[in-house]
Amino acid sequence: MVDSQYFLPNDIGISALDCTEAFRLLSPREKLYAHYLSRSAWYGGLAVLLQTSPESASIFVLLQRLFRKQPPAQLESMATAAGLSPEEYQAFLVYAAGLYANMGNYKSFGDTKFIPNLPKEKLKDLVWQSQAFQDSPSEMEALWDSCSTLLFSLEDQQKQLGLGDKGITTYFSGNCCLEDAELAQKFLDSKNLSAYNTRLFKNKSEGKPNYEVRLASAVQKDCAVDGEGETRCGRYDFEDCVFTVSRGDYAYLMKKVSENLEKAKDHAANENQKRMLEEYARSFTFGSIEAHKEGSRFWIKDKGPIVESYIGFIESYRDPFGSRGEFEGFVAVVNKAMSERFAKLVSSAEVLLPELPWPKDFEKDRFLLPDFTSLDVLTFAGSGIPAGINIPNYDDIRQSEGFKNVSLGNVLAVAYATQKDKLTFLDEEDKDMYIKWKGPSFEVQVGLHELLGHGSGKLFVQDEKGTFNFEQDNVRNPETGEQITTWYKGNETWDSKFSTISCSYEECRAECVGLYLCLNKHVLSIFGHEGEDAEEVVYINWLNMVRAGLLGLEFYTPESKSWRQAHMQARFVILRVLLEAGDGLVTLKESTGKDGCPDALITLDRSKVHTVGKAAIERFLCKLQVIKSTADVEGGRALYEGYSAVSDTGSHNFLRLRETVLLRKEARKMFVQANTRVKGESVELVEYEGSAAGLIRSFTERFADDAEEVEAHLLELNKRDAPCWC
């Protein structure tokens, strides 16, 4: 029997992201701007297939060819002829929708592989019955042969993403391990090269390890190119190894990204947008993170645009080492009413920051007031859609030049709606209140998490000239009372220094800021919550966090003792901290459900949130910030990995609770996104129903104009690197 966690259930939630009204209100010029930005994002998003697993791109092409010839409703008769039951055909549609929604065959939230919930032979029979196979039998058979084994395989290493024997990754060749990743990071730091848009490939030549650091770029020449400036490409000797920096990863896709950015530029609203798009295009053309950083600077300066967007190799959650960015691009329209609340929060930021529990020396010298807007997503290309974003992720820009925050309103509206009968591990008395206040409380948490969580805190740095950005002789560690002895040097960054724990640690810090500051009455009033209602928001926000900590156990792999999802690891850590606080603040008990199966109950004493709870988060949050500010990697790992440990000893048997969580888990929702299409001088919005069939149709129509060309290039890119994964 295959564990159900590797299937997507037939009744999985699938919702259409509604942006009809937001798009309708755009001017013709704004619609064209949004259209070409969306095209750029969708083409770039295909790179995620190549960043996820060796088989993802081939499976994508197989599905595209099946459904381009026969939409789901038409293919159903072929499925019946192939002997599939209605349930098995629905399972296939859900699998296909899942692959599109995650841009690969591993869940974007949790990094677990998922396979079709039907026999392999039946799926093969369906492929053979299809019109696509009748039209091109040899091509379809070759495509099936190239991916069918891995499509269904659940070998231990293939069950999750990871480095070396811990899982599958295509950020590194199959012969790389953690030591290779660490060596490569040292090399990149020595050359002042960012890992964000790179992959690492290892081989041996003349008895020496040879590493290729491959940059994502449209240009494939490794020599200097007109318009680039100084090139970083070339061969370098480093610590008895040879490193070669080359170009051309995802070249075809990067070319399509750049071409559409150039088209969008013709419809830009101002000079900042034009310069931003020029730099982005330069980045994707030459593989230059410096150009992307320059584009991000213009993006920060583009205050309050009607159409907001960001694109690039952004989040490093899925790189097992925590340094390489997954491609994503979004295009969204500002929701003015909701944005007013966030603007009030921004204007209060300088009053709220001193409330955080660390000395002022550990806070940025100057808080650069960012944009904070609520957006209705038109396009979000990548492996998944978050609720909120704080970008750019470049430490040097965030510390001294600023950042932007966005909350994705139409995602929040549908992603976190909960049915009472599916609410697990809560007391019946809490469930109605949870359903009523989950949305409002999560809105507060997202706002605080993004703006004052990710937006707060100083990194102590000694630059290449030896200059410190803090008073080395005077600043004291509040935990020890002693002088600061560690800091970031030269080109070191938070990601490069803390590597494998950096993402989850930072999410934990931001979540703690949200919990801590949501106790502030002024914050709650900004979001329209006063009196008893405000207290309900606080209670449900804290209750949601401890429940999420328990649910987080789904994303822990006991065999490798590793976490597969940064946010859920962070929430488990917070649960451990609040359980440790004692005094009855949080109780977690195992039980037997009405169905006779193992269950659990988690409760929170609301009378102790402002006292016991606040004190516990205050202490922990201060530790997190001091360690981050001082680049204390050893202390950070000891603290964070200690709280992240999942065992069957101690006051709670978390390994057994994990089995209960898996037994009662609910699948994460998937989203159907609209397409845009130029018709004459106007742009049409093409929408689809919120179903597996609707999600599939949205993708087959997304690349309708050049589908065969796109698919051929995807297969070629995949084939080139196939030997690297063995």
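Five bridges tie β4 to β5 (residues 241-249), and the two strands run antiparallel. Here strands (E, at least two residues) and helices (H or I, at least four) are DSSP runs, numbered from the N terminus, and two strands pair if DSSP finds at least two bridges between them. One of the links joins F238 to its bridge partner C241 in β5.

This is a predicted model, where local features need pLDDT of at least 70 and side-chain atom pairs count only at pLDDT 80 or more, while totals for chains, interfaces and linings use all residues. Residues are numbered from 1 along each chain as its sequence is written, and side-chain values use heavy atoms, with hydrogens and water left out.

Now step back to the whole sheet. It's an open one with four strands in the order β2-β3-β5-β4, and the pairing is mixed. β2 (198-205) and β4 (234-238) sit at the edges with a single partner strand each, so one side of each has no neighbour in the sheet. From one strand to the next, the twist averages 25°. Helix α27 (residues 707-721) packs on the sheet, touching β2, β3 (208-216) and β5; contact means heavy atoms within 4.5 Å. The direction of α27 makes about 170° with that of β5. Axes are lines fitted to C-alpha atoms, for helices over the stretch in contact, and angles run from 0 to 180 degrees between N-to-C directions.

Next, a helix pair. The axes of α4 (residues 56-69) and α26 (residues 692-702) come within 10 Å and cross at roughly 95°. The two helices are therefore roughly perpendicular (65 to 115 degrees). F60, Q64, F67 and R68 in α4 meet I696, F699 and T700 in α26.

Methods: Parallel < 35°, antiparallel > 145°, perpendicular 65-115°, else oblique.
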